Amino acid sequence: MAEREGAGAEAVPGERDNNGVGAAVVNLGDGWENDDGAGRRPEEEAGRGVVVAFGQTMKTLRVREGLEREEFGRRIGYSASTVASFEQGRRIPSPRTIERADEVLGAGGLLCLWKEQVERAQYPVFFQGMAALEKEAIELVAYDTLVVKGLLQTEEYMRALLGMRRPPLDEETIEQRVAARLARQDIFDRRPAPLLSFVMDESVLRRWYGGKEVLQGQLEQLLLIGQKRNVEIQVMPLRCEESAGVDGPFTVVTQKGGKRFVYAEAQGTSTLLTDPDQAALAAARYGIIRSQALTPRESLVFIEGLLGEL
């Protein structure tokens with residue numbers, strides 16, 4: 001997507017500006033697919049306040065139960081230092097970890113009440129709307145030209161991409177971001193199952209990011225995911241003489257009720273468009289892209305051929 005409207009604006013999906021035009025969110029920091037929610041660290045003061053309050057509550061309950069950090073950490077599957085990070089608001093526990101902590105501490109659901117707020121806190125304010133959309137989408141379609149979509153990436157592919165970042169990311173940050181991206185892949189197991197469609201350029205599948213074995217594993221994962229009944233994966237071949245995707249990668253998310261949103265990013269900037277006209281045009285553009293690409297069946301055969309070439 002080439003559109004970049006409302007620079008500097010912050011909006012929640014569904015909000016509209018004073019002129020009735022859908023607002024856009026511009027992230028002038030790291031992009032969604034590159035950093036995936038900033039590695040599970042609270043990015044805003046409001047979010048940090050939530051995480052700190054949660055941590056203090058968890059610590060109070062732990063002390064009440066007479067558990068040392070080491071013992072509590074053993075029961076929930078973390079080291080004492082990680083428990084300390086949770087309690088001090090320096091790291092954000094996953095929803096499953098919160099549920100386990102609630103159970104171990106006999107909190108009776110008190111900690112679970114924090115789950116949604118704590119989960120949102122891992123994202124900057126301007127991305128929280130998109131994170132919620134992806135989690136509740138009834139349909140998500142995406143066109144990619146540079147890397148495999150984050151939702152489709154193997155852990156090894158993720159690590160390879162994050163290891164290429166400049167300036168370099170520290171190891172802890174990489175680990176946090178891998179964990180956050182893997183958690184997003186729960187979308188494939190959700191019920192009711194959303195409709196998911198991915199088109200990617202052939203060049204994406206030929207790049208040896210991380211080396212031969214990493215690429216091999218990534219292609220194998222695409223074949224597995226492509227067999228799911230609610231998922232369609234298509235390849236835009238290099239020999240294709242026409243492509244409606246010349247403006248670059250983008251994602252269209254549809255929520256219950258049919259409202260659509262468009263997400264796009266490039267060179268560390270990301271945009272979430274809520275304008276229904278822009279969303280309709282993006283959805284139509286994606287339809288043309290799909291018609292120009294190989295069919296899902298042809299695409300899986302094509303990917304199998306690429307595997308055979310390695």
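**Figure 1. Helix α4 is mostly covered in this predicted model.** Helix α4 comprises residues 80-87, and 6 of its 8 residues are buried. The buried residues of α4 are Thr 82, Val 83, Ala 84, Ser 85, Phe 86 and Glu 87. Just after α4 comes Gly 89, which takes a positive phi of about 75 degrees.

**Figure 2. Helices α3 and α5 cross at roughly 120 degrees.** Helix α3 consists of residues 69-76 and helix α5 of residues 95-104, and their axes come within 9 Å. Because angles of 65 to 115 degrees count as roughly perpendicular and those over 145 as roughly antiparallel, this crossing makes α3 oblique to α5. On the side of α3, the contact is made by Phe 72, Arg 75 and Ile 76. On the side of α5, Thr 97, Arg 100, Ala 101 and Val 104 take part. The crossing of α3 past α5 is right-handed.

**Figure 3. The axes of helices α11 and α13 come within 10 Å.** Helix α11 spans residues 212-225, and helix α13 spans residues 296-309. The two axes cross at roughly 160 degrees. Angles over 145 degrees count as roughly antiparallel, and α11 and α13 are therefore roughly antiparallel to each other. From α11, the residues that make the contact are Gln 216, Leu 219, Glu 220, Leu 222 and Leu 223. Their counterparts in α13 are Leu 300, Ile 303, Glu 304, Leu 306 and Leu 307. The crossing of α11 past α13 is left-handed.

**Figure 4. Gln 153, in a loop, touches Gln 218, a residue of helix α11.** The loop that holds Gln 153 runs between β2 (139-144) and α8 (155-163). Is Gln 153 buried or exposed? With a relative accessible area of 1%, Gln 153 is buried, because the limit for a buried residue is under 20%. Gln 218 likewise counts as buried, at 1% relative accessibility. Leaving aside residues up to four places away in sequence, Gln 153 touches Val 147, Val 148, Met 158, Leu 161, Arg 181, Gln 185, Gln 218 and Gln 221. With that exclusion applied to Gln 218 as well, its contacts are Val 148, Leu 152, Gln 153, Thr 154 and Tyr 157. Val 148 is thus touched by Gln 153 and also by Gln 218.

**Figure 5. The side chain of Asn 230 reaches the backbone oxygen of Pro 194.** Asn 230 is located in the loop between α11 (212-225) and β4 (231-236). At 14% relative accessibility, Asn 230 counts as buried. Which residues does Asn 230 touch, not counting residues up to four places away in sequence? They are Ala 193, Pro 194, Leu 195 and Leu 196. The distance from the side chain of Asn 230 to the backbone oxygen of Pro 194 is 2.8 Å. Asn 230 and Leu 195 are 35 residues apart in sequence, yet their C-alpha atoms are 5.2 Å apart in space.

**Figure 6. The whole protein contains 13 helices and 7 strands.** Of its 310 residues, 49% are buried. The accessible surface comes to about 15,100 Å², and carbon and sulfur atoms account for 49% of that surface. Among contacts with a separation of 6 or more, 73% join residues 24 or more positions apart.

Conventions: Residues are numbered from 1 along each chain as its sequence is written. This is a predicted model: local features need pLDDT of at least 70, side-chain atom pairs count only at pLDDT 80 or more; totals for chains, interfaces and linings use all residues. Side-chain values use heavy atoms; hydrogens and water are left out. Helices (H or I, at least four residues) and strands (E, at least two) are DSSP runs, numbered from the N terminus. Buried means under 20% relative accessible area, exposed over 50%, partly exposed in between (1.4 Å probe, protein chains only). Contact means heavy atoms within 4.5 Å. Accessible areas come from the Shrake-Rupley method with a 1.4 Å probe; for residues, only the protein chains shown count as cover. A polar contact is a pair of N or O atoms within 3.5 Å; within protein, one must be able to donate a hydrogen and the other to accept it, and residues adjacent in sequence count only if both atoms are side-chain atoms. Axes are lines fitted to C-alpha atoms, for helices over the stretch in contact, and angles run from 0 to 180 degrees between N-to-C directions. Angles under 35 degrees count as roughly parallel, over 145 as roughly antiparallel, 65 to 115 as roughly perpendicular and the rest as oblique. A crossing is left-handed if the near helix is turned anticlockwise from the far one by less than a right angle, and right-handed if clockwise.
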